[in-house]
Amino acid sequence: MDDKAQLIIEGKTYELPILTGSEGEKAIDISALRQENGFITLDVGFANTGSCKSSITFMDGEKGVLRYRGIPVEQLAENSTFVETAYLLINGKLPSEEELTRFSVLLNDTSLVHEDMRHFFESFPRGAHPMGILSSMVNAMRAFYPEIPERSEEEEINVTFTRLLSKLRTMAAMSYKISRGHKVIYPRHDLNYAANFLNMMFDSPVKPYYIDQDLVDALNIFWILHADHEQNCSTAAVRLVGSARVNLYAAISAGISALWGPLHGGANQAVVEMLSDIEENGGDVSPFIARAKDRKDPFRLMGFGHRVYKTYDPRAKIMKKTCDLILRKLKRHDALLDIAQKLEDVALEDPYFIDHNLYPNVDFYTGIVLRAIGIPLNMFTVMFAIGRLPGWISQWKESMDDPGWKLQRPRQIYTGLKKRDYTPMKKREG
Ligand code: ACO
């Protein structure tokens, strides 16, 4: 039997239910508070507010733990593929061999993008950021792929999932090719998900692309590490928009827009920009550390700090290892890696970063891995979006299936003017 919390307001005691999650985390259920006594709770930025119950991803920010459906992300990065991890997140279990084959075949069957969508792509200005293009295109998918009334709701949802997972990757590569004025490369039936993406990105009629298994493995790890992260900004956006019962494409489009921000998914691009800036300024990290510590300066050390992790982000550890491995295998040296390492060493010894619990997050090393794969800078956040898609889908699905589902609609504390009368134009001052 769960305990109750007692809240005393103006001398009156209210009992509030305490909920306990499967990993022991506790919450006070305040949902009936306003009804009982007119009070709401205020938590700007939702740093201490649970918006849902979820059985998908567990993270412990103090211990640096991340698990999808109970499985540590380290084990998935070591043994799984992105497609298998996507299946796990969406369906709640690892697939059998047959299920995985069926899923892969479906992904392959749905990988082509409607030809009319290509014209759409071609109409965006060349300099447009691919994240803006991607979120518009995903929203537009409902128009190109309308619901088929003969299909059951479950069939429709399953087709939509696979279609999104497969086509987002095709559209990402397509937007890159079009932005360069190059011929679009179609998906190939004989290639797996990650290899197919690399081929669509880099193959050309005049220079065939050689698919390097090490790069395919690195890409799988990158996507697995990004596949879900419980109620982060973009996932919360997907759930919130989805709670209005919009179609899945519209909800995912909202997630892509949220991810675009430099404080969220856009950080991987911002990290490389910052490291390049340090390099161009002679490679000395100390002025950048000083700026990050200066409260009057809005500059922040990109790739450092996290709302939940107050220790080293477990994904950053894996990314760093992958980064070393891939550069060694490619026999390539990246000066930005040296700078990143120097920055990390200095920051981890600095009292400001120690006191603020600021450690490298997943984005700190991912940019260097993406550069090694050959991904251009403005596509970094798109890569994150492809990776996060299974998480968005599974969180959306969970919220739709939740018997306690509710339209998400936060409250506020109004701080504006009290009631006043409308002033006709002629009587207004100034
Ligand atoms: N560099 C310098 N100082 C920082 C940094 C940083 N990267 N991050 C946080 N701080 C400081 C703040 O200035 C603040 O200091 P103060 O208390 O002395 O005023 C304190 O740490 C707390 O900062 P908040 O912004 O309140 O912490 P929050 O939990 O909201 O921030 C965030 C998390 C947004 C990720 C932040 O750490 C940040 O801006 N990091 C850089 C951007 C980044 O790498 N984003 C990627 C996050 S991972 C992801 O989304 C995939």
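**Salt bridges, ligand contacts and surface features**

In this predicted model, the side chains of R102 and E98 meet in a salt bridge, with a distance of 3.2 Å from N to O. Both R102 and E98 belong to helix α4, which covers residues 97-109, and they are separated by 4 residues, or about one turn of the helix. With a relative accessibility of 56%, E98 counts as exposed, because the limit for that class is over 50%. Side chains of opposite charge can pair in this way when their charged atoms come close.

A second pair joins K329 to D214, and here the closest N and O atoms are 3.2 Å apart in the salt bridge. K329 lies in helix α14 (residues 314-329), whereas D214 lies in helix α9 (residues 213-226), so the pair ties together parts of the chain that are 115 residues apart in sequence. Neither end of this pair is classed as buried or as exposed: K329, at 46% relative accessibility, counts as partly exposed, and D214, at 24%, also counts as partly exposed.

A salt bridge is also formed between the side chains of R291 and D297, for which the N to O distance is 2.7 Å. The two partners fall into separate accessibility classes, since R291 is partly exposed at 37% relative accessibility, while D297 is buried at 18%, a value that lies below the limit of 20% for buried residues. Besides these pairs, R142, E147, R151 and E156 are linked with one another in a network of salt bridges. Altogether, the count for the model comes to 18 salt bridges.

The surroundings of the ligand were examined next. There are 20 residues around the ligand, and those that come nearest are R295, R300, L301, G303 and H356. By residue type, this shell divides into 10 nonpolar, 6 polar and 4 charged residues. Several polar atoms of the protein lie at short listed distances from oxygen atoms of the ligand. In R300, a polar side-chain atom is found 2.8 Å from a ligand oxygen atom; in G303, a polar atom of the backbone lies 2.8 Å from an oxygen atom of the ligand; and in H356, an N or O atom of the side chain is placed 2.8 Å from a ligand oxygen atom. The ligand on its own has 920 Å² of accessible area, of which the protein covers 76%.

At the surface, L42, V44 and I413 together make a nonpolar patch of about 350 Å². V44 is placed in the loop that runs between α1 (33-37) and β4 (57-60), and V44 counts as exposed, with a relative accessibility of 73%. The loop between α1 and β4 also holds F46, a residue that has a positive phi of about 50° although it is not a glycine. F46 is exposed as well, its relative accessible area being 55%.

A positive phi is also found at R69, where the value is near 50° in a residue other than glycine. R69 is located in the loop between β5 (65-68) and β6 (71-72), and R69 is partly exposed, because its relative accessible area of 23% lies between the limits for buried and exposed residues.

Note on methods. Residues are numbered from 1 along each chain as its sequence is written. This is a predicted model: local features need pLDDT of at least 70, side-chain atom pairs count only at pLDDT 80 or more; totals for chains, interfaces and linings use all residues. Side-chain values use heavy atoms; hydrogens and water are left out. Patches are made of residues with over 30% relative accessible area and no salt bridge: like charges are joined within 9 Å, nonpolar side chains (Val, Leu, Ile, Met, Phe, Trp, Tyr) within 5 Å. Accessible areas come from the Shrake-Rupley method with a 1.4 Å probe; for residues, only the protein chains shown count as cover. A salt bridge is a side-chain nitrogen of Lys or Arg within 4 Å of a carboxyl oxygen of Asp or Glu. Helices (H or I, at least four residues) and strands (E, at least two) are DSSP runs, numbered from the N terminus. Buried means under 20% relative accessible area, exposed over 50%, partly exposed in between (1.4 Å probe, protein chains only). A residue is near a molecule or strand if one of its heavy atoms lies within 4 Å of it. A polar contact is a pair of N or O atoms within 3.5 Å; within protein, one must be able to donate a hydrogen and the other to accept it, and residues adjacent in sequence count only if both atoms are side-chain atoms. Ala, Val, Leu, Ile, Met, Phe, Trp, Tyr, Cys and Pro count as nonpolar, Asp, Glu, Lys and Arg as charged, and the others, Gly among them, as polar.
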